[in-house]
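Got the viewer open and a selection box ready? Let's take a walk through this one, stop by stop.

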Amino acid sequence: MAIEDNGNVHGDATIPLLEEGKNIGDEENGYTDEETSGKPSLWMVYLSTFVAVCGSFAFGSCAGYSSPTQTAITKDLSLSLAEYSVFGSILTFGAMIGAITSGPIADFIGRKGAMRTATGFCVAGWLAIFFAKGALSLDIGRLATGYGMGVFSYVVPVFIAEIAPKNLRGALTTANQLMICCAVSVAFIIGTVLTWRTLALTGLIPCAILLFGLFFIPESPRWLAKIGHEKEFEAALQDLHGKGADISEEAAEIRDYIETLERLPKAKMLDLFQRRYLRSVIIGVGLMVFQQFGGINGICFYLSNIFESAGVSPSIATITYAIIQVPITALNTTVIDKAGRKPLLLVSSTGLVLACILSGTSFYLKDHNLAPSSVPILTVTGILMYIGSFSAGMGAVPWVVMSEIFPINIKGIAGSLATLVNWFGAWAVSYTFNFLMSWSSYGTFIIYAAINAVAIVFVITVVPETKGRTLEQIQAAINA
C-alpha cells in the first residue's frame, strides 16, 4: 500500500512530541494551542536528553580509550604491535554487530530497553578490560564495548529526535555528537595521568548515570503507541509536555498515524529499495558514506603519527585536537536550528576539501624537499582546519538527518543499515590509512579532498533542508 496520499502518514518514530498543530504566537516554541493553555514545560525533555547523551559519553569513552593507553598496555601485558592493533580495531567490528541489531532491538524492547542493553555490554566490556591478564580478555572486553557503541550510535539520536520539539530537535540531537567529542577529549587528557586499568573504570561512570537516569524518564511515546500500550503512551506524552498541558489533540493525531502504519506490511531489508523509500535511504546512507570516507577516522586515529612525520610534537596534536573539536561542536548545537542542516553540511564539506588540499600540499613539499621550514606549519594548519571543519557539520549533522528522515515502519532496518555503513566506513578508512600514507602521503589527502568535493555536490542536489519542520512534513516531502 502506497503512503504518498496522506502527508501525516509519512511520519516517523522520531516525530517530535511537542510540535504538531501550532498557533502563530507559539510557533517558535513548537507547541499547540492546547499545550500552551496548560503551560507546557520543557524540563522533562531536557532531563531525558541529558540521560540519553550519557550513552553518547559512554560511546566517546570507548572510542578515546586506545590512543592514550597503547604504550602502557603493550608494556604491562607484553603485547606485540599486531596484538594491540587487533585490540584497537576490534572495537569497530563490535560496533558493526551493534549497528545491525540496534534497529530491531529498539523496535522490540523500546528505546530505553536498547539503551539498557548497550549499557550492559559496555559495563561488561570495561570490567573485562580492567581485569585483563592477556590479549584474549582485552579483546573480548573491547568487542563488548564496541557492541554497546554500535547500539548507542543509533538509539540515542533516534530517542532524542522522538521527544524533542521541532525548534530544538537539531540542537538536542547534536548534543549526541558533542558528548562523544567531550568524552574522547576527556579520555585523551586524563589518559595521560591515569593508569590504563583506572581509565577503564572511568568508563563505568556514564554507564551508571544512564542506568540510574532511565528510571526517571519516559519511554518514547511514538514507540509506546506503535506497540499498543495506550496508558503508558498517554502518560509519557503528558510527562514530556508537562502536567497541565492538554495532549488530547496530539494523542489523537499519533493514534491515527499509527493506525495507518499498521496497515502497511512489516518492512524487510529489500523494501528499503522500493521507490517510495529509496530517496530517504539514499540520503541517510549517502551522508554516512561521505562522513566516513572523507578520511576522518584515519586522520583522528593516526593524528600523532601524522604530526610526527611532519616534525611536530604528538602531545601538541592530542591537546589541540581536544581544544578545537569540543567548542566547535558545542557552537553547532546553538546554530543548527537557526542556520539549518544544509548550510552547515556545505560549509563543513568545503572546509574539508580546503584542509585536505593544504595537508596534501605540505606532504608534497616534504616528499620533494621543497620549502622544508613551511611543512610543519602547513601540516598543523591543514589538520586543525580539517578537524574544525568536520566538527562544524559533517560530524553531527548526518546523525541528525538520519534521525529525521525515515518513516517509522522502516526506521529500524533503515537506521541499522545507515549505522552499519557508518561503522564499516570507520573500519575501512582506519584500516587503509597507513597503507595509503605509505603509498603516497600527499596522494592520500588528494583522494580525501576529491571525496569531500563529491559530498558538496551530493548535499546540494540530494539532501533536503529539515529545520523547523515536523517529521511528517520532512518525510512527506522526501517520499512523495
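**A stacked pair and its neighbours**

Start by selecting F445 and Y448: F445 is buried, and so is Y448. Both residues belong to helix α20, where they sit three residues apart, about one turn of the helix. How far apart are the ring centres of F445 and Y448, and at what angle are their planes? The centres are 6.5 Å apart and the planes are at 85°, so this is an edge-to-face pair.

Before going on, a reminder that you're looking at a predicted model.

Now zoom out a little. Searching the whole structure turns up 16 aromatic pairs. One of them brings us back to F445: with F363 it makes a stacked pair, 5.7 Å centre to centre and with 10° between the planes. Which helices does this pair link? F363 is in helix α16 (residues 341-367) and F445 is in helix α20 (residues 441-461), so colour those two helices: the pair ties together distant parts of the chain, 82 residues apart. F363 is buried, like F445.

While α20 is still highlighted, pick A450, which is in that helix too. Is A450 buried or exposed? Neither, quite: A450 is partly exposed, with a relative accessible area of 44%. Draw a distance from its C-alpha to that of C356 and you should get 9.0 Å, although the two are 94 residues apart in sequence.

**More rings, and some charges over them**

Next, select F93, F424, W427, Y431 and F435 together; these five form one aromatic cluster.

Then look for arginines sitting over rings. Show R116 with F215: the charged end of R116 is over the ring of F215, 5.6 Å from its centre. For another example, show R142 with F87, where R142 lies over the face of the ring, 5.1 Å from the ring centre.

**The second largest pocket**

Switch on a surface and head for the second largest pocket, which holds about 410 Å³ of space. Its lining has 16 residues, and D107, K226, K266, A267 and N409 are the closest to the pocket centre, so select those to land in the right place. Three helices each supply at least two residues of this lining: α4 (81-130), α11 (248-262) and α19 (408-439). Which of them gives the most? That is α19, with five residues. Colour the lining by class and you'll get 10 nonpolar, two polar and four charged residues.

**The cavity**

Keep K266, A267 and N409 selected, as they also help line the largest cavity. Add L264, P265, D271, Q274, R276 and Y277 to complete that lining. By class, the cavity lining divides into four nonpolar, two polar and three charged residues. The volume is about 50 Å³, and the search of the whole structure finds one cavity of 30 Å³ or more.

**Step back**

Finish with a cartoon of the whole protein. How many helices and strands are there? There are 21 helices and zero strands. The radius of gyration is 22 Å, close to the 23 Å that the globule rule gives for 480 residues, so the protein is as compact as a globular protein of that length. Along the principal axes, the C-alpha trace spans about 70 × 50 × 40 Å. Colour by burial for a last look: buried residues make up 58% of the 480.

Terms used. Residues numbered from 1 in each chain as written. Predicted model: local features only at pLDDT ≥ 70, side-chain atom pairs only at ≥ 80, totals over all residues. Heavy atoms only, no water. 1 Å grid on protein atoms, 1.4 Å probe; cavity = no way out; pocket = protein on both sides within 12 Å on 5 of 7 lines; lining within 4 Å. Points joined across faces, edges and corners; volume = space filled by probe spheres on them. Nonpolar A, V, L, I, M, F, W, Y, C, P; charged D, E, K, R; others polar. Phe/Tyr/Trp six-rings, centres within 6.5 Å; stacked < 30°, edge-to-face > 60°. Helix = DSSP H or I, 4+ residues; strand = E, 2+ residues; numbered from the N terminus. Buried < 20%, exposed > 50% of the residue type's maximum accessible area, 1.4 Å probe, protein only. Lys NZ or Arg CZ within 6 Å of the ring centre and 35° of its normal. Rg over C-alpha atoms; globule rule 2.2 N^0.38 Å.
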